[in-house]
Amino acid sequence: MHNFTPLSGFLGGALIGLAAAMLMLLTGRIAGVSGVVGGLLQAGAADRGWRIAFVAGLVAAPLIAALFGAPLPRPAMDASLAVIALAGLLVGFGTRMGNGCTSGHGVCGFARLSVRSIAATLIFMLVAFATVALVRHGLGG
């Protein structure tokens, strides 16, 4: 395992949990990224302000951290732009089929003990395990 950093992982997870809890307590909204971004794309959304702030925070946080010396790693994508675009479309299709993404179901839904979210998170994880096993061991990797 590379870059095993339990303290930063713990602190990051605590901040994500705190932010999700605050959004739920203060606005009654779930901090699922696909739902937040999807709401931005809807015409005439009345709650556009907080959604813009949420997405801006996702983009700005690592940039601000880099200003204070945190490393800003370059994403390593060993695939063509077409494969990456197809992967993005498949993820979008999956979040629409599953009524949410891993952040909404895994962080917020699991915390609310939503049966649907617990089932979705278990399915996400099982498919991820199977995909890694297939790609790394089944396709000659």
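Start by selecting leucine 25 in this predicted model: its relative accessible area is 72%, so leucine 25 counts as exposed. You'll find leucine 25 in helix H1. Now add Leu15, Leu18, Met22 and Leu26 to the selection. Together with Leu25 they form a nonpolar patch on the surface, with about 590 Å² of accessible area between them. Show that group as a surface if you want to see the patch properly.

Stay on helix H1 and slide along to leucine 7, which lies in that helix too. Is leucine 7 buried or exposed? Its relative accessibility is 61%, so leucine 7 goes down as exposed. For a sense of scale, draw a C-alpha to C-alpha distance from leucine 7 to arginine 96: the two are 34 Å apart in space and 89 residues apart in sequence.

Next stop: the charged side chains. How many salt bridges does the structure hold? There are two. Pick arginine 29 and aspartate 47 for one of them, where the side chains meet at 3.0 Å, N to O. Arginine 29 sits in the loop between H1 and H2, while aspartate 47 sits in the loop between H2 and H3, so this pair ties together parts that are 18 residues apart in sequence. Colour the two by accessibility and you get a contrast: arginine 29 is partly exposed at 34%, whereas aspartate 47 is buried at 17%, given that buried means under 20%.

Keep aspartate 47 selected and add arginine 51. These two also form a salt bridge, with the closest N and O atoms 3.1 Å apart. Arginine 51 is buried, as is aspartate 47. With Arg29, Asp47 and Arg51 all on screen, you're looking at a network of linked salt bridges.

Now for the aromatics. Count the ring pairs and you come to one aromatic pair. Select tryptophan 50 and phenylalanine 54 to see that pair: the arrangement is edge-to-face, with 6.4 Å centre to centre and 90 degrees between the planes. Both residues belong to helix H3 (residues 48-67), four residues apart, or about one turn of the helix. That spacing is worth a thought, because an α-helix has 3.6 residues a turn, so residues three or four places apart point the same way. Tryptophan 50 is partly exposed, with a relative accessible area of 21%, and phenylalanine 54 is partly exposed as well, at 22%.

Move on to helix H5, residues 102-111. Which residues of H5 are buried? Select Ser103, Gly104, His105, Cys108 and Gly109. Then bring up helix H1 (6-27), helix H2 (33-41) and helix H6 (115-138), since those are the helices that the buried residues of H5 pack against.

Zoom in on histidine 105, one of the residues of H5. With a relative accessibility of just 3%, histidine 105 counts as buried. What does the side chain of histidine 105 make a polar contact with? Look for the side chain of serine 117, at 2.8 Å. If you expand the selection to residues that histidine 105 touches, leaving out those up to four places away in sequence, you'll pick up Gly98, Asn99, Gly100, Phe110, Arg116, Ser117, Ala120, Thr121 and Phe124.

Last stop: leucine 113, which follows H5. Check the backbone there and you'll find a positive phi, near 60 degrees.

Definitions and conventions: Residues numbered from 1 in each chain as written. Predicted model: local features only at pLDDT ≥ 70, side-chain atom pairs only at ≥ 80, totals over all residues. Heavy atoms only, no water. Buried < 20%, exposed > 50% of the residue type's maximum accessible area, 1.4 Å probe, protein only. Helix = DSSP H or I, 4+ residues; strand = E, 2+ residues; numbered from the N terminus. Contact = heavy atoms within 4.5 Å. Phe/Tyr/Trp six-rings, centres within 6.5 Å; stacked < 30°, edge-to-face > 60°. Patch = residues over 30% accessible without salt bridge, like charges linked within 9 Å, V, L, I, M, F, W, Y side chains within 5 Å. Areas by Shrake-Rupley, 256 points an atom, 1.4 Å probe, with all protein chains shown as cover. Salt bridge = Lys/Arg side-chain N within 4 Å of Asp/Glu carboxyl O. Polar contact = N/O pair within 3.5 Å; in protein donor to acceptor, adjacent residues only side chain to side chain.
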